[in-house]
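The following paragraphs offer a guided reading of one protein model. The reader is invited to keep the sequence and the structure in view throughout.

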Amino acid sequence: MASQSIIPIPADSPFSLANIPFGIFSTQSQAIGEHILDLKVLALEGIFTNCEVAFSSDVFTHTTLNAFAALGRRTTSGVRIYIQSLFSQSSSPLHSNPSLLERCIVKQREATMHLPFDIGDFTDFTSSKTHAKNTHSGHGHGGVDVDMFHPPRAASGRASTIIPSGLPIVRPVGHLPLSSDVPLTTSEAHIRSPSTILPADTPAESRTLARTTGFILAPTNELDVELELAFFIGVPTEHFERVPVEKAEDHIFGVVLLNDWSARDIQNPETLPFGAFNAKNFASTISPWVITLDALEPFKIAHDIRRVPSYLVDKGDVTYDISVAMEVIPGKWGMARSSLRNSYWTFRQMLSFHTLSGCRMRTGDLIGTGTLSGEDPTSLCSLIEQRKHFPGRMFLQDSDEVVFRAWCGSFQGRVGFGECRGVVLPAIL
């Protein structure tokens with residue numbers, strides 16, 4: 001399909017005409033190969049009056065995708081098909097009006113991407129049995145036998161600290177276990193940890209905390225990542241409305257990459273009985289382009305047979321054949337490659353379970369899959385898991401940059417997610 005476009009699209013581009021993802025740079029936009037289509041320009045020119053689905057194109061003058069996504073899948077699908085025709089049909093106004101084409105096309109490298117939605121709430125599921133096994137046994141649970149999948153498990157995240165790809169992450173400070181080499185008296189010059197030095201004027205209360213509890217306020221030494229996917233809610237639900245599995249896709253707009261940054265040493269004392277708090281609430285990074293369910297439709301596959309509660313049984317039990325990968329640069333270490341197939345729950349089941357008690361879902365709410373680790377050591381999607389198989393692996397150091405990627409298919413017609421990036425900056429003390 002790449003050769004049919006009015007603008008050149010590299011054969012290996014994640015943003016082929018088969019994709020058509022939506023995002024925000026200054027106004028609503030659409031990635032086409034190496035370019036961005038500014039939908040606001042087209043809306044102001046009245047181009048969408050020829051779209052087969054009737055809708056108010058004013059939604060493309062907003063600074064988020066919320067109003068557009070809330071229109072529902074029938075409308076957003078129709079708009080996506082119409083945009084494909086603008087690039088592929090010789091009778092389209094982009095072919096006949098070079099001036100319009102020039103005004104509505106922006107090179108991606110010249111644009112600054114923003115969060116695609118105004119995100120009201122963020123929920124993160126546990127979906128990988130491998131990740132649950134690996135991390136559940138490594139953070140103070142001991143021999144406690146807890147079934148992490150019956151019922152499904154999810155945690156409420158912090159929407160205010162979700163950021164778009166490319167913004168840096170400041171190493172978080174937290175309540176850490178005191179290592180044996182940390183001095184306890186105020187007369188000593190420094191409080192040391194493997195990755196940082198606290199100055200001599202460390203507050204007396206912090207030193208007292210260390211002396212009396214065995215903990216100290218310091219930057220995390222175990223900064224980690226979690227490679228996930230996440231989906232945005234398009235059409236909202238009513239309060240106390242339960243969404244059956246077979247209707248869930250009517251409420252899902254599209255999918256992004258998610259890095260749920262984690263500080264493992266801060267997480268350790270938080271885990272029981274309530275779970276991670278400051279260990280995860282400092283930042284979560286998402287990729288800026290939202291891949292619609294329509295773009296993913298050709299990549300639906302049957303899910304593995306597994307035991308699920310009766311209220312989540314899905315006659316059309318399918319997931320998507322989405323590959324995910326991670327690496328840390330410089331050095332290309334921490335590499336892993338996995339798949340959405342490693343998620344126990346499908347998108348439909350996650351949303352249906354989320355509304356089981358009547359929880360209201362709003363446009364722009366974000367639901368994460370949880371870490372997508374598989375059984376193979378090369379498919380472990382967090383560093384804490386990789387370290388168990390590769391002793392030389394470290395946690396993240398200052399200046400390390402983490403890159404996530406995801407895609408379906410290959411070559412022409414590939415549907416990709418682009419990148420989800422973040423570089424680590426030193427702690428603010």
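Two strands are said to pair if DSSP finds at least two bridges between them. By that definition β24 and β25 pair, because 7 bridges join them. These two strands run antiparallel, and one of the bridges links V403 to its partner R421 in β25.

The model in which these strands appear is a predicted one. Its average pLDDT is 87, and 87% of the residues reach a score of at least 70. Two stretches call for caution. Over residues 138-144 the pLDDT stays under 50, and the model gives this stretch 10 contacts beyond four places in sequence. Residues 180-199 also have a pLDDT below 50, with 42 contacts beyond near neighbours in sequence. Where pLDDT is low, the predicted coordinates should not be read in detail.

The overall composition may now be considered. The protein has 429 residues, of which 55% count as buried. Its secondary structure amounts to 11 helices and 25 strands. Among the contacts with a separation of 6 or more, 73% are between residues 24 or more positions apart.

The pair described at the outset belongs to a wider arrangement. An open sheet is formed by 5 strands in the order β8-β25-β24-β21-β22, and its pairing is mixed. Strands of a sheet pair through backbone hydrogen bonds, either parallel or antiparallel. Which strands lie at the edges of this sheet? They are β8, residues 169-170, and β22, each of which pairs on one side only.

The edge strand β22 merits further attention. It spans residues 333-339, and 5 of its 7 residues are buried, so that the strand is mostly covered. Strand β21, residues 323-329, runs antiparallel to β22 and is joined to it by 5 bridges. S323 has S339 in β22 as its bridge partner. The two strands form a hairpin with 3 residues between them, and in this hairpin G331 adopts a positive phi near 105 degrees.

Strands β24 and β25 also contribute to a pocket, the second largest in the protein, with a volume of about 450 Å³. Its lining comprises 21 residues, and those closest to the centre are P14, F15, Q108, G418 and E419. The elements that supply two or more residues to this lining are β24 (401-408) and β25 (415-425). The largest share, 5 residues, comes from β25. In character, the lining divides into 8 nonpolar, 7 polar and 6 charged residues.

Two individual residues complete the account. T319 is located in strand β20, which covers residues 318-320. Is T319 buried or exposed? It counts as buried because its relative accessibility is 6%, under the 20% limit. Leaving aside residues up to four places away in sequence, T319 touches F299, K300, I301, H303, L340 and T346.

Q84 lies in helix α3, residues 73-88. With a relative accessibility of 16%, Q84 likewise falls under the 20% limit and therefore counts as buried. Beyond residues up to four places away in sequence, Q84 touches L17, A18 and I20. The C-alpha atom of Q84 is separated by 9.8 Å from that of S16, although these residues are 68 positions apart along the chain.

How values were computed. Residues are numbered from 1 along each chain as its sequence is written. This is a predicted model: local features need pLDDT of at least 70, side-chain atom pairs count only at pLDDT 80 or more; totals for chains, interfaces and linings use all residues. Side-chain values use heavy atoms; hydrogens and water are left out. pLDDT is the predictor's confidence in each residue, from 0 to 100. Contact means heavy atoms within 4.5 Å. On a 1 Å grid over the protein atoms alone, a cavity is a set of points where a 1.4 Å probe fits but cannot get out, and a pocket is an open set with protein on both sides within 12 Å along at least five of seven lines; lining residues have an atom within 4 Å of a point. Grid points are joined across faces, edges and corners, and a volume is the space filled by probe spheres set on the points. Helices (H or I, at least four residues) and strands (E, at least two) are DSSP runs, numbered from the N terminus. Ala, Val, Leu, Ile, Met, Phe, Trp, Tyr, Cys and Pro count as nonpolar, Asp, Glu, Lys and Arg as charged, and the others, Gly among them, as polar. Buried means under 20% relative accessible area, exposed over 50%, partly exposed in between (1.4 Å probe, protein chains only).
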